[in-house]
Amino acid sequence: MTAEASTLAIVVPVHDPRERLDALLERLDAVRGAVHQIVIADDGSPLPTALRIADWAATRPTVVVDRVDESGGVAAARNRAIARVSAEYVWFVDDDDEWDDAAVPVIALSLRSRPDVLVFRAEYRYHDGRAGR
């Protein structure tokens, strides 16, 4: 791949995200065209959730779903997902993460210099509205 090519994959492990699922899929849809691949590691979600994810992914050729029936934990889910990645770089997100609309373009621009590692910070938001780093 050239430095100009989209070489970023988003990896997101999920385990029964319940009310967070629709928002996650919307966030992933918003960046899908700007990334090489999205890999969802479904770590034993209940069947209705698994079917919803599979239906969503079925019409999106750059999305890969790796599903297991029994949860093995978030680390195992991420490891399974990495094995499915075909991009040069991976961005790990969780099902409740939110990101600014400019995040993916900024990451893509940063990747043009072909860094070994790209690190950025996050702001944590708590259910009561507090925020921190």
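A pocket is defined on a 1 Å grid over the protein atoms alone, as an open set of points where a 1.4 Å probe fits, with protein on both sides within 12 Å along at least five of seven lines. Its volume is the space filled by probe spheres set on the points, which are joined across faces, edges and corners.

This is a predicted model, in which local features need pLDDT of at least 70, side-chain atom pairs count only at pLDDT 80 or more, and totals for chains, interfaces and linings use all residues. Residues are numbered from 1 along each chain as its sequence is written, and side-chain values use heavy atoms, with hydrogens and water left out.

**Exercise 1. Describe the largest pocket and its lining.**

Step 1. The volume of the largest pocket is about 1,300 Å³.
Step 2. Lining residues have an atom within 4 Å of a point. There are 33 of them, and D97, E98, W99, A122 and E123 are the closest to the centre.
Step 3. Two or more lining residues come from each of α1 (21-31), β4 (89-92), α4 (103-111) and β5 (124-125); helices (H or I, at least four residues) and strands (E, at least two) are DSSP runs, numbered from the N terminus. The largest share, five residues, belongs to α4.
Step 4. By class, the lining has 19 nonpolar, two polar and twelve charged residues. Here Ala, Val, Leu, Ile, Met, Phe, Trp, Tyr, Cys and Pro are nonpolar, Asp, Glu, Lys and Arg are charged, and the others, Gly among them, are polar.

**Exercise 2. Find the strand order of the open sheet and its edges.**

Step 1. The order is β3-β2-β1-β4, with parallel pairing; two strands pair if DSSP finds at least two bridges between them.
Step 2. β3 (63-68) and β4 each have a single partner strand, so these two are the edges.
Step 3. On average, neighbouring strands are turned by 20° against each other, direction ignored.
Step 4. β1 (residues 8-14) and β2 (residues 37-43) share six bridges; V11 has V39 of β2 as its bridge partner.

**Exercise 3. State how α1 lies relative to β1 and β2.**

Step 1. α1 lies across both strands and runs at about 175° to β1. Axes are lines fitted to C-alpha atoms, for helices over the stretch in contact (heavy atoms within 4.5 Å), and angles run from 0 to 180 degrees between N-to-C directions.
Step 2. α3 (residues 74-84) touches β1, β2, β3 and β4, at about 145° to β2.
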